[in-house]
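This report describes a protein–ligand model, starting with the ligand site and going on to the chain.

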Amino acid sequence: MSWNPTTSLAPISRLWRTLAFRLTAGYALAGLLLVVFATASLYLVLANELEKSTALFLADKVHVLRTLLLERPDDEDGLHEEVELESAARRYEQFYIRVLDAHGKQLLMTPGMASQLDLSQLTAQTRNRPDRPMRLKGKDGRSFRIISTSAQVGSPPRSTDQLEIAVDVSQKEELLARYRFWFWSILFASSIIFPWVGYQIARHGIRPVEEVATTARHISSTNLRERILPDGYPFELAVLANTFNQMLDRLEESFEQIAKFSTDIAHDLRTPVNNIRGEAEVALARERTSGEYRAVIESCLEESERLSDLIGDLLFLARAESPLLHLRQEQVDVGALLSTVREYYEASAAEGEISLSTNLAGPIVARLDRSLMQRAINNLVANALAHTPPGGTVMLSTDIDPSTLRIEVTDTGVGIPAEALPKVFDRFFRVDSSRSHNSGGTGLGLAIVRSIAVLHGGAVEIASRPGQGTQVTIQIPVSA
Ligand SMILES: Nc1ncnc2c1ncn2[C@@H]1O[C@H](COP(=O)(O)OP(=O)(O)OP(=O)(O)O)[C@@H](O)[C@H]1O
Ligand SMILES: [Mg+2]
């Protein structure tokens with residue numbers, strides 16, 4: 001079987017894409033780097049200090065011997081004590097000294113030096129680089145620092161002696177070796193502990209995210225009830241959970257609206273269809289005169305007109321929400337438009353004994369979709385006339401400031417109760433549904449007005465006082 005790098009690496013790249021893994025890797029790496037940095041720098045400082053103290057020790061010995069040879073060249077006892085006795089008294093950090101004359105003949109040596117060190121190697125190694133401490137391995141494997149230097153004998157100088165000093169640093173090296181052992185042990189332990197702790201922290205931290213995901217998985221159009229309880233969540237994730245809950249609230253509301261909307265459509269379509277069917281059935285129950293047939297057909301025609309209007313309105317609303325709907329905008333004389341609407345409704349206003357008038361703030365021309373705007377104003381006037389008792393007035397007026405065109409329809413009718421006002425632009429909403437049903441209203445008129453205003457980039461507002469009247473204002477932004 002051949003090795004395919006892409007499939008073999010897939011689990012790793014999948015793992016790398018998990019947040020828990022990334023956080024764990026981050027924590028572990030940071031922790032390990034910190035441990036390595038801290039212990040390694042301590043080790044280097046310690047090793048450096050030990051090396052320095054050895055160098056100082058050697059320099060000190062060199063100084064003592066030189067002073068002795070320079071100032072008291074004949075004090076053999078003093079030299080003897082310094083070279084032979086003092087080292088023997090030590091247990092740790094033992095040192096060895098050898099004094100040679102100018103011809104390389106050995107004059108004095110610490111006892112045991114020859115058994116510890118290869119003297120010829122010592123001389124050979126130090127000859128090239130005098131006055132500098134160097135490393136040397138002893139005969140039984142112990143570590144030494146050695147130095148070689150010359151010293152004047154007497155003042156004025158009689159001759160020059162050669163000093164060779166070696167100090168045993170095995171103890172210090174063992175200390176460093178123990179330190180290294182602990183360094184690797186700690187590093188090994190850290191490489192297990194840090195990822196484990198990191199993983200626990202990461203898991204704990206992202207648990208709320210997983211809960212949000214689980215809740216989201218359970219959500220469907222039939223189950224929008226589930227919510228996340230953000231108790232004990234860290235602040236940022238509590239905000240996320242709350243935002244998510246709010247989104248679910250909105251979704252639930254929209255779904256409920258859609259469900260209600262569908263029921264309303266079905267109900268409103270059924271009424272005219274039932275009427276047509278009922279009348280046809282009654283008409284066919286027995287023989288009728290041609291006059292009676294005619295009446296039934298006329299009634300059916302009326303119902304189907306209602307049906308077709310309703311379907312037209314629904315189609316319009318559906319299309320108005322699609323981003324593909326384009327306005328056919330043109331320069332429209334708003335005053336003339338209002339006059340057209342007034343003329344259209346004049347007869348029915350007169351019939352209801354309502355005075356219908358227009359009030360224009362000078363000539364206004366604006367870029368509008370003429371037929372849509374006329375439809376919106378028609379809806380408003382139809383509403384006003386339907387809800388204004390005889391003797392009342394309905395007024396169409398316009399107003400413009402540099403950036404906004406306002407078209408207002410004001411009536412002195414029955415008004416709308418405050419609690420119903422926020423809902424009047426909803427589809428199928430009717431303040432008194434039974435009453436409006438009889439008068440043929442379906443509750444789509446104001447929804448259509450709002451869609452038309454929004455299509456023009458504007459908005460619509462309503463203000464009303466029960467018993468006093470209603471004012472609806474279409475606001476359209478216009479360029480100067
Ligand atoms: N000028 C008004 N005065 C009093 N109530 C109003 C007025 N305009 C609208 N309403 C109330 O708001 C409801 C919604 O109006 P909308 O125009 O959307 O529907 P409709 O007139 O009932 O039906 P449609 O316009 O679709 O034939 C109406 O049923 C009515 O109760
Ligand atoms: Mg209406």
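## Ligand site and chain layout

By class, the shell around ligand 1 holds seven nonpolar, nine polar and three charged residues. Here Ala, Val, Leu, Ile, Met, Phe, Trp, Tyr, Cys and Pro count as nonpolar, Asp, Glu, Lys and Arg as charged, and the others, Gly among them, as polar. The model is predicted: local features need pLDDT of at least 70 and side-chain atom pairs pLDDT 80 or more, while totals for chains, interfaces and linings use all residues. Residues are numbered from 1 along each chain as its sequence is written, chains are lettered from A and ligands numbered from 1 in the order written, and side-chain values use heavy atoms, without hydrogens and water.

In total, 19 residues surround ligand 1 (a heavy atom within 4 Å). The closest are N383, D411, G443, L444 and L446. At least two shell residues come from each of helix 10 (370-386), helix 11 (433-438) and helix 12 (445-455); helices (H or I, at least four residues) and strands (E, at least two) are DSSP runs, numbered from the N terminus.

The table lists polar contacts of ligand 1 (pairs of N or O atoms within 3.5 Å).

| Ligand 1 atom | Protein partner | Distance |
|---|---|---|
| oxygen | N383, side-chain N or O | 2.8 Å |
| oxygen | V431, polar backbone atom | 3.2 Å |
| nitrogen | T470, side-chain N or O | 3.4 Å |

Of the 590 Å² of accessible area that ligand 1 has on its own, the protein covers 90% (Shrake-Rupley method, 1.4 Å probe).

The protein chain is divided into domain 1 (22-176), domain 2 (235-319) and domain 3 (328-477), with bounds from an automatic or database domain assignment. The centres of domain 1 and domain 2, taken over C-alpha atoms, are 106 Å apart.

Two backbone features lie in loops. S155 and P156 are joined by a cis peptide bond with omega about 0°, and P156 is in the loop between strand 4 (143-153) and strand 5 (159-168). E353, a residue other than glycine, has a positive phi near 55°; its loop runs between helix 9 (334-351) and strand 7 (355-359).

Conventions
A polar contact is a pair of N or O atoms within 3.5 Å; within protein, one must be able to donate a hydrogen and the other to accept it, and residues adjacent in sequence count only if both atoms are side-chain atoms.
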